[in-house]
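Student: Could you take a close look at one part of this structure with me? I would like to go through its salt bridges.

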Amino acid sequence: MKRLIFTSLLVTAAAMAFGQNNPTDSTKQSTDTTHKHDFNFSIHYRGHHKGDSTRHATYPKAFLGITFSRFDLGLATLVDNGSFTLSSQNQFLRYRSWKTSNVGFDVFQMGVKVNKTFKIYLSGGFDWTLIRLRDNITILPNQPVLTYRQDNIDYSKNRFSSSYLRIPLSFDFRTKEDQRGNRWHFVFGPDGGFLLDGMVKQISAENGKQKIDDSYHFTDFRYGGFVRIGYSDFGIFAKYYANDMFENSPEQAGLKNFSFGFTLGF
């Protein structure tokens, strides 16, 4: 996870440097350009329309670029066949609610600004669900179904996580800019994701720090929906995935992923 974040930050920094050195960026201004204090930095491609160089933007406008935005930081919750209480066969996945989190951000986007108050875009980024297990167990890799082992070790950290390449399609309804140049955003859409990796990370006095990578039967492709509401660059989000968290593991059928929290950068 740290490696992916570091790589994304390097790409973003390069994009910002390129954008600052691009002479066309300083000449093309409109009432729809990003303010200096905005969190979202991008290299955009826009079609050439009469009036692009004036203060009055011409729509629709296409954009394509590298970005660092929609940074989500929140809590993840397991939903077991419609209930927030885990069933008996899933009790081994008991988790610490305030330490079970969802983290994600986008690094690429492409879309169309239809007008000043509405745009559609497809983006790509990374998304992690980090489950802090309560019990001293080890989720075992390379098993025919999701399997665990009870350990006689007191783990100070026992984290069961998944990482996905996320590909959301966003419908962004924006208000007009206020006197400060900020807007309200109401964003929703479908969200798909491809599994990158699963991991068990444990820390104990007996074994020190251990990391074991495996797919752990996390579903290869997940799909669901999301909503974001915010003002300027700050807001809240909620995401729900409609298919099961795990596949080819019958006892975990109906176990789904829901997360909510704060988001930065629209």
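Which residue forms a salt bridge with Arg166, and how far apart are the closest N and O atoms?

Tutor: Happy to! Keep in mind that this is a predicted model. The partner of Arg166 is Asp72, and their closest N and O atoms are 3.0 Å apart. Arg166 sits in strand S6 (residues 157-174) and Asp72 in strand S1 (residues 61-80), so this salt bridge ties together parts of the chain that are 94 residues apart in sequence. Both Arg166 and Asp72 are buried.

Another pair worth your time is Asp127 and Lys239, whose salt bridge has its closest N and O atoms 2.7 Å apart. This one also links distant parts of the chain: Asp127 belongs to strand S3 (residues 118-132) and Lys239 to strand S10 (residues 234-241), with their positions 112 residues apart. Asp127 and Lys239 are both buried.

Now look at Glu177 and Arg183, whose side chains meet in a salt bridge at 3.7 Å, N to O. Glu177 is partly exposed, with a relative accessible area of 30%, whereas Arg183 counts as buried because its relative accessibility is 9%, and the cut-off for buried is under 20%.

Back to the two earlier pairs: Arg166, Asp72, Asp127 and Lys239 belong to one network, joined by salt bridges that share partners, which also includes Arg70, Asp106, Arg222 and Arg228. The whole structure has twelve salt bridges.

As for confidence, the mean pLDDT of the protein is 85, and 79% of its residues reach 70 or more. Over residues 1-54, though, pLDDT stays under 50. Where pLDDT is low, the predicted coordinates should not be read in detail.

How values were computed
Residues numbered from 1 in each chain as written. Predicted model: local features only at pLDDT ≥ 70, side-chain atom pairs only at ≥ 80, totals over all residues. Heavy atoms only, no water. pLDDT = per-residue confidence, 0-100. Contact = heavy atoms within 4.5 Å. Salt bridge = Lys/Arg side-chain N within 4 Å of Asp/Glu carboxyl O. Helix = DSSP H or I, 4+ residues; strand = E, 2+ residues; numbered from the N terminus. Buried < 20%, exposed > 50% of the residue type's maximum accessible area, 1.4 Å probe, protein only.
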